[in-house]
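Me: I have a structure open here and would like to talk through it before going back to the bench. Could you walk me through some of it?

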Amino acid sequence: MTQSGVKFDPSINAYFNALIRETGGWSWHPRQREFVFSHPESCSSLHVPCHFRSLGGRHMLGAGLLLDDGEGPQPIPFREAVAWTLTLPSLRGLSSRVTRESFRYRVQRSEENLQVARAYRTECVSPDDILPRRFIDSEQALVNGHSIHPCPKDRGNMSQEEASAFAPEYAGEFPLIWYSVEAASLQCHESTDSTLDRAVDALLRHESAPIRAAAAEARANGHRVIPCHPFQHRHWQAHPDLKALQANGQLRSLGLGAVPWQATSSLRGIWSDEADWMLKFSLSVRITNSLRHLQPKEAVRGPALADLIRTPPAARWQARHPGFTVLAEPVAAAIRSPAGQPLAETTLVFRTNPFQGADADHCELLASLLQDDPATGLSRLGTCLQARHAGEAGARAWFHAYLEHVVKPLLDAQGNLGLLFGAHQQNLILKLDDDFQPVAAWFRDCQGTGFSALAHQRFGPALKATIADSDNELPDTLAVPLFCYYLFINSTFNVITSLAAAGLCPEQTLWQQLRQWLQQRLAESPADPGALHYLLDSPTLHAKNNFLCSLRALNENTLEDLEAIYHPMPNPLVTIRQAHTRERKTHDAAIFAH
């Protein structure tokens with residue numbers, strides 16, 4: 001069990017959890033409580049200590065790595081351990097020398113970036129910081145990044161100076177840069193009751209007089225006005241197609257705004273307490289598995305979903321879950337090249353902003369709640385419940401509230417509407433009461449939505465307009481594993497790990513609780529029980545190949561075959577059922593023998 005004072009290294013944990021989950025060649029030594037990787041060629045072995053092993057696959061690993069080259073285990077620094085793992089035949093066979101070297105450099109940069117950020121913030125979870133946070137404070141508290149990824153804080157070509165200005169962990173404020181675009185050179189996607197111009201007007205009302213005047217003049221000359229992220233501004237200035245538009249007077253920079261904006265946890269999504277909209281931009285920077293460009297097909301999804309969510313079937317779903325809200329993205333835009341094609345580097349999405357003033361209080365990002373603090377080895381969730389002396393009953397109550405307010409609406413949408421939300425930790429925001437209990441939730445990121453075959457039955461002709469050009473209708477064989485990866489493996493399983501690793505409740509108790517809760521959902525006879533059967537009965541579940549995707553330098557956003565970046569992992573819900581069955585048989589046999 002992880003206790004206060006245990007040395008914890010986020011880079012080691014993220015790297016080796018990904019490696020353990022996705023590859024073989026390791027063994028578990030329960031007495032020593034360590035994972036051991038064996039090199040078949042050099043006969044050396046790498047020992048990774050583990051303070052808490054989870055059935056969900058996110059283990060609490062120690063920082064004291066050891067390498068045994070035949071003369072006994074000796075301490076080895078993280079970077080040398082990474083280099084050693086890249087000599088394993090299994091990884092060499094999946095990569096080239098060039099991609100391995102690039103990968104090693106990305107891991108190193110990620111570690112360096114995390115060290116700088118942590119030094120800046122000094123700590124992630126303070127023992128005294130146990131009250132629910134404001135929205136933006138929780139967003140910017142996500143310092144470690146993805147908890148199962150070899151290079152979660154690599155930011156590609158973004159310099160440290162730029163990161164200090166624009167990355168969420170530094171909590172900087174920055175203004176927008178405003179542009180005008182000839183109307184014919186701007187592609188817009190708008191829902192039925194929203195327009196780009198009205199959305200822009202809502203932002204301009206708070207801007208400086210010079211920007212408002214420049215915008216009015218531009219519109220009078222047949223241009224439309226859009227904001228640009230200051231990081232992306234220099235890429236726009238250097239892009240050949242955009243330079244051509246500027247030379248022809250079709251694209252103009254109007255100057256720097258005055259309203260302060262801040263990055264949310266996703267970097268390219270930004271927020272201002274003065275704005276009715278949050279904004280999501282394409283940014284020309286590679287983070288985790290993708291270059292952060294919003295593709296044209298993704299820009300279609302928000303406005304189309306905003307219309308679909310108002311249809312009677314979706315309205316009935318929302319009425320069943322009044323505390324669950326999908327943050328609408330009814331407007332998107334992109335600049336067209338001189339040839340008329342939308343440029344992915346310029347895509348912009350408007351997202352509703354309910355987190356203003358007092359409404360931003362007690363709103364916490366799930367990923368920040370589950371993030372492990374190097375100072376304690378515990379998550380914020382675990383720390384805050386410990387401070388309230390929650391114990392097993394409190395942990396089970398918190399988990400039940402999470403299941404009811406977060407998971408239940410999303411399962412209902414999948415099982416009864418065929419509507420799939422990519423609900424990973426960074427897409428879920430929880431409303432917490434004064435006792436730190438979940439009472440409501442929001443889902444964000446309409447680009448991460450999809451539809452199964454059931455959606456055609458539920459929405460009929462309305463769905464055709466929604467899926468046109470959006471490329472997010474998935475065959476059920478793919479829809480179920482992807483949906484379950486995000487909502488369960490990425491989010492819910494990690495809730496269980498955080499509660500159990502804090503010593504609040506035995507992990508097997510929480511797995512049993514989840515299994516029973518899912519069986520209750522199955523008893524409600526959803527139209528499509530595929531996800532429930534998959535979770536309850538499949539021996540394996542499919543998790544994303546974050547390690548191998550990074551090792552092979554794949555861009556997740558542009559992959560044609562998404563199944564290629566997923567791998568099977570043991571299903572803890574089946575494992576716990578089998579263990580329970582064995583225990584009952586042993587118990588019954590003992591009674592019979594007696």
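**Cysteines first**

Reply: A place to begin is C363, which counts as buried, with a relative accessibility of 0%. Please keep in mind throughout that this is a predicted model.

Me: OK, and how far is the sulfur of C363 from the closest cysteine sulfur?

Reply: The closest cysteine sulfur belongs to C384 and lies 15 Å from that of C363, which is too far for a bond.

Me: What about C549, is that one buried or exposed?

Reply: C549 is buried, its relative accessible area being 1%. Its closest cysteine sulfur is in C151, and because the two sulfurs are 9.8 Å apart, they too are too far from each other for a bond.

Me: So how many disulfides does the count come to?

Reply: The count comes to zero disulfides, taking a pair of cysteine sulfur atoms within 2.5 Å as the criterion.

Me: You mentioned C384. Which buried residues does α15 have?

Reply: C384 is one of the buried residues of helix α15, together with R380, L381, G382, T383 and L385. Six of the eight residues in this helix, which covers residues 380-387, are buried, so α15 is largely enclosed by the rest of the structure.

Me: What covers the buried residues there?

Reply: The cover includes strand β19 (363-365) and helix α14 (366-370), and also the helices α16 and α19 (476-501). Following α15 there is H389, whose phi is positive, near 55°.

Me: Let's move to helix packing. How do the axes of α16 and α19 cross?

Reply: The axes of α16 and α19 come within 11 Å and cross at roughly 175°. That angle is over 145°, so α16 is roughly antiparallel to α19.

Me: Which residues make that contact?

Reply: On the α16 side, the contact is made by A395, W398, F399, Y402, L403, V407, L410, L411 and Q414, while α19 contributes F483, L487, F488, S491, T492, V495, I496 and L499. Sorted by class, the contact of α16 with α19 has 14 nonpolar and three polar residues, with no charged residues.

Me: And α13 with α16, what does that crossing look like?

Reply: Helix α13 (residues 312-320) and helix α16 (residues 391-417) have axes that come within 10 Å and cross at roughly 150°. The two are therefore roughly antiparallel to each other, and α13 passes α16 in a right-handed crossing. From α13 the contact involves P313, A314, W317 and R320, and from α16 it involves P409, D412, A413, N416 and L417.

Me: What is the split by class in that one?

Reply: In the contact of α13 with α16 there are six nonpolar residues, one polar residue and two charged residues.

Me: Changing topic, which non-glycine residues between α18 and α19 have a positive phi?

Reply: D469 is one of them, with a positive phi of about 65° although it is not a glycine, and its place is in the loop between α18 (461-467) and α19. D471 is found in that loop between α18 and α19 as well, and although it is not a glycine, it has a positive phi of about 55°.

Me: Why point those out?

Reply: Because most residues other than glycine have a negative phi.

Me: Are D469 and D471 buried or exposed?

Reply: D469 counts as exposed at 68% relative accessibility, and D471 counts as exposed at 53%.

Me: What about T466, where is that found?

Reply: T466 is found in helix α18 and is buried, with a relative accessible area of 6%. Leaving aside its neighbours within four places in sequence, T466 is in contact with A304, L305, L308 and F451. The C-alpha atoms of T466 and P303 are separated by 8.5 Å, although these residues are 163 apart along the chain.

Me: Last one, F443: which residues is it in contact with, apart from neighbours within four places in sequence?

Reply: F443, found in strand β22 (residues 438-443), is buried with a relative accessible area of 0%. With those neighbours set aside, its contacts are F324, T325, V326, L327, F421, G422, A423, N427, L428, G448 and T449.

Me: And how far is F443 from R212?

Reply: Their C-alpha atoms are separated by 33 Å, and F443 and R212 are 231 residues apart along the chain.

Note on methods
Residues numbered from 1 in each chain as written. Predicted model: local features only at pLDDT ≥ 70, side-chain atom pairs only at ≥ 80, totals over all residues. Heavy atoms only, no water. Axes fitted to C-alpha atoms, helices over the stretch in contact; angles between N-to-C directions. Helix = DSSP H or I, 4+ residues; strand = E, 2+ residues; numbered from the N terminus. Parallel < 35°, antiparallel > 145°, perpendicular 65-115°, else oblique. Left-handed = near helix turned anticlockwise from the far one by under 90°. Contact = heavy atoms within 4.5 Å. Nonpolar A, V, L, I, M, F, W, Y, C, P; charged D, E, K, R; others polar. Buried < 20%, exposed > 50% of the residue type's maximum accessible area, 1.4 Å probe, protein only.
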